[in-house]
Amino acid sequence: MIAEPTSRRVVVGVDGSSSSRHALRRAVDEAFAHDATLEVVMAWSLLDQMTGAPFDPNYGDAEARAELERILDEELGDHRPPSTVVRVDNDLPARALLAAANGAWLVVVGDRGLGGFRGLLLGSVSNQVAHHAPCPVLIVRDAC
């Protein structure tokens, strides 16, 4: 069942890629413009750690949250909306974003993430979110 939005919530997926950083900045603009809560979602797994560093069996929620906070500090500094929720999920990125999008006013994603094939115009996560989100989707192109 798809939940109806009870308040304005802008969800954005961040994986550390240039495209997701552009999406984050755009989501912040949308949150400020529409007096919405910003919900920043990073999905992680031991099989696909965000930093691109060597495999770390001790990687977990705390490390993923620290990575996301570092990205937020680099990209936004003190320019975060007053109502910002940071969410780190040990899940597949598309599934985590679709779950967060339930009841959201808008979901924002970059056009391509860290993985996949360079020749594709749209990454697999963006494609899944665009086709299955229960709310409007904004796909932000990376700067060319």
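Is V28 buried or exposed, and what is its relative accessible area? V28 is buried, with a relative accessible area of 1%; here buried means under 20% relative accessible area, exposed means over 50%, and partly exposed lies in between, using a 1.4 Å probe and protein chains only. Keep in mind that this is a predicted model, where local features need pLDDT of at least 70, side-chain atom pairs count only at pLDDT 80 or more, and totals for chains, interfaces and linings use all residues. Residues are numbered from 1 along each chain as its sequence is written, and side-chain values use heavy atoms, with hydrogens and water left out.

**The chain as a whole**

- The chain has four helices and five strands; helices (H or I, at least four residues) and strands (E, at least two) are DSSP runs, numbered from the N terminus.
- Starting at the N terminus, you will meet these elements in the order β-α-β-α-β-α-β-α-β.
- Of the 144 residues in the chain, 42% are buried.
- About 7800 Å² of the chain is exposed, and carbon and sulfur atoms supply 54% of that area; accessible areas come from the Shrake-Rupley method with a 1.4 Å probe, and for residues only the protein chains shown count as cover.
- Among contacts in the chain with a separation of 6 or more, 72% join residues 24 or more positions apart; contact means heavy atoms within 4.5 Å.

**The sheet**

- Five strands form an open sheet in the order β3-β2-β1-β4-β5, with parallel pairing; two strands pair if DSSP finds at least two bridges between them.
- The edges belong to β3 (84–90) and β5 (137–140), each of which has a single partner strand, so one side of each is left without a neighbour in the sheet.
- From one strand to the next, the twist averages 20°.
- Five bridges link strand β1 (residues 9–13) to strand β2 (residues 37–44) in the parallel sense.
- Two of the residues to look for in β1 are V10, whose bridge partner in β2 is L38, and R9, whose bridge partner in β2 is T37.

**Strand β1 and its residue R9**

- β1 is mostly covered, as five of its five residues are buried.
- R9, V11 and G13 point one way from β1, while V10 and V12 point the other way, and all are buried.
- R9 lies in strand β1 and is buried, with a relative accessible area of 16%.
- Leaving aside neighbours within four places in sequence, R9 is in contact with A36, T37, E39, A100, N102, G103, A104, W105 and L106.
- R9 and A104 are 95 residues apart along the chain, yet their C-alpha atoms are separated by 5.0 Å.

**Helix α1 and the loop after it**

- V28, the residue from the opening question, lies in helix α1.
- Not counting residues up to four places away in sequence, V28 touches L38, L76, H79 and P81.
- The C-alpha atoms of V28 and L76 are separated by 8.6 Å, with their positions 48 residues apart along the chain counted as the distance apart.
- D35 is found in the loop between α1 and β2, and D35 is exposed, with a relative accessible area of 73%.
- Most residues other than glycine have a negative phi.
- The phi of D35 is near 50°, a positive value in a residue other than glycine.

**Helices α3 and α4**

- Two packed helices are described by the angle between their axes and the distance between the axes.
- The axes of helix α3 (residues 93–101) and helix α4 (residues 124–132) come within 9 Å and cross at roughly 30°; axes are lines fitted to C-alpha atoms, for helices over the stretch in contact, and angles run from 0 to 180 degrees between N-to-C directions.
- On the α3 side the contact is made by P93, A94, L97 and L98, and on the α4 side by V125, Q128, V129 and H132.
- By class, this contact of α3 with α4 has six nonpolar, two polar and no charged residues; Ala, Val, Leu, Ile, Met, Phe, Trp, Tyr, Cys and Pro count as nonpolar, Asp, Glu, Lys and Arg as charged, and the others, Gly among them, as polar.
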